[in-house]
Amino acid sequence: MSTPTGYRVIAEMAYEPNRPERGYTGETLYVNVGTGAMETRPVTDRMKEVFIGGRGFGLWRLWNAVEPTTTWDDPANEIVISSGPVGGTTAYPGSGKSIVVSLSPLTGNVIDSNAGGYFGPYLKFAGWDAIELQGKSDENVVVFVDGKNGLIQLLACPETDINTHVLAERLMRAFADSDAPRDIAAVSTVTTGAGAQNTRMGCLNLSFFDLKREAVRVKQAGRGGTGTVFRDKRIAAIVVKSPAVNAASNRPADVSRLQEVGKRINKEILELDASQCDMRRVGTAHLVEIMDEYDLLPTHNFKYGSHPDAGKIASSVWREKFGQNMPDGCWLGCTMSCSHAVDDFELKTGPYKGQKVLVDGPEYETAAGCSNLGVYDPGFVLEANFYCDTYGIDTISFTTGLAFVMECFENGILDAEKTGGLDLRFGNGDAALEVLHQMARGEGFGPIVGEGIRRMKTRFAEEYGADPGFLRDIGMEAKGLEYSEYVTKESLAMQGGYGLALKGAQHDEAWLIFMDMVNNQIPTFVDKAEALHYFPMWRTWFGLVGHCKLPWNDIEPADNAQTAEPAKVPEHVANYCEVFAGVTGTEVKPEDLILQSERVYNFQRVFGVRMGFGTREHDAIPYRSAGPVTVEEYESRAERYDGQLVEKVGIGPAGMSTEEKVKAMRDYRESQYEQLIDAVYKRRGWNEVGIPTVEKLQELGIDFPEVVEVVRTRLK
Ligand code: SF4
């Protein structure tokens, strides 16, 4: 196939694609988009043993690319994308994830973010276990990986509209072998949009061609601003073309073993999903009403956990709107098929106003983020969802960041003059959408919101004289990353789940609210610390091998509740041992999988230390995630808090003012959090400031000289 018309070749390299063998091709691809340099890099047995794949490969490649002084916008920073050895398996559901690793514009530290879509598996089938992009171009470029013909090209991109729904569609069709749907479906792209380049919260969209709809779909690597790094490098897109995919494409060690275990879980999903989470019909959006019922659905910048209008954006609404009334998988063979979409949604605002578009989602996080803004209009949710995706903006950072702005507005820290005329009170969906469009245009107040909460706090204190303490309390970010959408005030373990997550406030390391708050299964500090050891290790493992987390515990075997540890879903853990062995040929037990994760997790923590982060002060959380900041918040749940003052703090609230009660509650909860950190550090084998000890590194077998050196230097 010749290069599509209009795409000028800047550099190219022919290669002989290595087809995967037991889940690995044995090579990663390096491309410098600034110089045009391209290189094949070997994957050693040691690299596979220690870093496994996916997030592990990304971290190792990035570690070797940057210095402690490297910033996110330095040409030396990289975007690394890798799927992992299991990625591309079609016999077991949820085996198509890709993990993006980079230095984050929001946190300055290492970020990892995962996405569905076909890119990671296709990259592997094109011959590469990972792609590593470095340098900065001075014009918009496309990196084309032609896995059918063995060619890598760095191309000047002639397209002027880089927003995802336009660019991904054009690229998939332009680079396909023909107009036939099956040829278009052999192409996958990574794109972002105009919003990513004007903010720090840019996401990456990984595409696939939906053969039922004959339409391009996208899944987001949302967190930490990897789309912003992409645009800073002037990358418009990565395009990969894959040879035909079948059950043997990943060349597993034992395909019948995979099919056996896959058959078992597929049967479970088909029989039980409708009576459990109903992922096949409504996806993660089923959580809206559950979170509302348990006072966990963020409203008005996490002040409260429920709202009388929550039903307007609950699952019954999405069940009706999701197109074609059929399950939607974001990788081949995913029976869980939770990636739903709304077809023919007519846009009311922005540059594409009046057009009918396909909206991928909404997921729970997006709907709950809109609740956090106080907007309970499904049309708004879809409009915001679509424009965030096509502009390349993370819906979580956008809504959590804007919720903070709205609270500042309602407290008089901001006014219409400072926002350029926008009345940014809770509930004003029109103003919220205008902020989003401003982000894409790079003008007005939008780019200020796009800097993220951490930088807005500094700006509002310095420029508008706002109280830094109040901003610190209500600014829902940790390590510079905006909180995802769960209220954590009544779950100490979940406060740790957010505060101690390596990347910042994201729930993909641990989601412990029900175990902790609802079921009281982890009452002591030791119990909570054990959970904050085990679950992050387990979830890290999904990112090492290319698995989706959802088929682990969003579907449970019928007898799961009768097992010794139902929260761990033991039957599915056993499945994963089978899957890993079936793909790689290496026999493993559950504790081996945990060890695989513990190595990479501790390596990432040391990487953070190397970059100037990764210590106790960086594990701090805003007080709103631990308890009521304001009098109105306390009084909204006075009975609960008064009861806790008596039972937990040992104070009788009679005769106390609400301010005094807020303070007493705060002293108690802040001290609880510090004790939790001590317990978790101890369990993880870290010292009192949160750095893995040399003994821990030795125990894990990651005591490479350069890793030990970072720890020793920091401890001096
Ligand atoms: S469970 Fe949902 S998100 Fe996960 S791979 Fe399947 S369709 Fe994609």
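A salt bridge here is a side-chain nitrogen of Lys or Arg within 4 Å of a carboxyl oxygen of Asp or Glu. With that in mind, meet E485, which is buried (under 20% relative accessible area, 1.4 Å probe, protein chains only) and yet has no salt bridge. The nearest side chain of opposite charge, R223, is 7.0 Å away; Lys and Arg count as positive, Asp and Glu as negative, with His and the chain ends not counted.

This is a predicted model, where local features need pLDDT of at least 70, side-chain atom pairs count only at pLDDT 80 or more, and totals for chains, interfaces and linings use all residues. Residues are numbered from 1 along each chain as its sequence is written, and side-chain values use heavy atoms, leaving out hydrogens and water.

E485 sits in the loop between β17 (481–482) and α19 (492–499); helices (H or I, at least four residues) and strands (E, at least two) are DSSP runs numbered from the N terminus. Its side chain makes polar contacts, meaning N or O atom pairs within 3.5 Å, with one able to donate a hydrogen and the other to accept it:

| Partner side chain | Polar contact with E485 |
|---|---|
| N372 | 3.4 Å |
| T400 | 2.8 Å |

Beyond its neighbours within four places in sequence, E485 is in contact (heavy atoms within 4.5 Å) with residues including L296, F302, Y364 and Y498.

Y498 is also one of the buried residues of α19. Eight of the eight residues of α19 are buried, so this helix is largely enclosed by the rest of the structure. Its buried residues pack against α20 (513–518), α21 (525–545) and α27 (658–684).

Notes:
Buried < 20%, exposed > 50% of the residue type's maximum accessible area, 1.4 Å probe, protein only.
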